[in-house]
Amino acid sequence: MPVKKRPSSQKYLSDYTTKYSEIRKSTKGENYAYCNLCDKHFSVAHGGIHDIKSHRDTKKHKEILQYQASCGSISEKLITPQGSAQIR
């Protein structure tokens, strides 16, 4: 009887952070990633980059991205058109 090959699990790769700046290596282990935006650890063991894409498609992640886009960056609020720093 042939022995079934055990499927290998995916590990976090530094390329994930290069491609998605909000994603970091998780402290939970090598099979997890951490999203800075959502403050969430999630497994990448099953699908690797596809698990990250699935997380980025979640309602919570999309809402946070939309909120950040509507707020703008702090530097936009601190710099006047003349280039001098000023709180508006």
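This short presentation describes the packing inside one protein structure, with attention to its core, its cysteines and one helix.

Good morning. Please keep in mind that the model before you is predicted.

I begin with the nonpolar core. The largest such core has ten residues, namely Y12, Y16, Y20, I23, A33, C35, C38, F42, V44 and I52. Several of these residues will return as we proceed.

Let us take the tyrosines. How many aromatic pairs does the structure hold? There is one aromatic pair. Y12 and Y16 form this pair, with ring centres 5.4 Å apart. Their planes stand at 85°, and because an angle over 60 degrees counts as edge-to-face, the pair is given that name. Is Y12 buried or exposed? Y12 has a relative accessibility of 13%, so it counts as buried. Y16, with a value of 5%, is buried as well. A further tyrosine of the core, Y20, is in contact with I49, I52, K53 and R56, once neighbours within four places in sequence are set aside.

I turn now to the cysteines. In general, a disulfide is a covalent bond between the sulfur atoms of two cysteines. How many disulfides are counted here? The count is zero. Why is there no bond between C35 and C38? The sulfur of C35 has its closest cysteine sulfur in C38, at 3.8 Å, and that is too far for a bond, since the cut-off is 2.5 Å. Both residues are nevertheless buried: C35 has a relative accessible area of 0%, and C38 has a relative accessibility of 4%.

The last topic is helix α2, which spans residues 49–56 and includes H55. Which residues of α2 are buried? They are D51, I52 and H55. Viewed down the axis of α2, these buried residues fall within an arc of 100°, so they line one face of the helix. A general rule helps here: an α-helix has 3.6 residues a turn, so residues three or four places apart point the same way.

What does this face pack against? The buried residues of α2 pack against two helices, α1 (15–19) and α3 (59–71), and against the strands β1 (23–25), β2 (32–35) and β3 (40–43).

H55 itself has a relative accessible area of 6%, and it is therefore buried. Leaving aside neighbours within four places in sequence, H55 is in contact with C35, C38, K40, F42 and H61. Among these partners, C35, C38 and F42 belong to the largest nonpolar core, and I52 of α2 is itself a member of that core.

Thank you for your attention.

Definitions and conventions
Residues are numbered from 1 along each chain as its sequence is written. This is a predicted model: local features need pLDDT of at least 70, side-chain atom pairs count only at pLDDT 80 or more; totals for chains, interfaces and linings use all residues. Side-chain values use heavy atoms; hydrogens and water are left out. Rings of Phe, Tyr and Trp (its six-membered ring) pair if their centres lie within 6.5 Å; planes under 30 degrees apart count as stacked, over 60 as edge-to-face and the rest as tilted. Buried means under 20% relative accessible area, exposed over 50%, partly exposed in between (1.4 Å probe, protein chains only). Helices (H or I, at least four residues) and strands (E, at least two) are DSSP runs, numbered from the N terminus. Contact means heavy atoms within 4.5 Å. A nonpolar core is a set of buried Ala, Val, Leu, Ile, Met, Phe, Trp, Tyr and Cys residues joined through side-chain atoms within 4.5 Å. The arc is that of the directions from the helix axis to the C-beta atoms.
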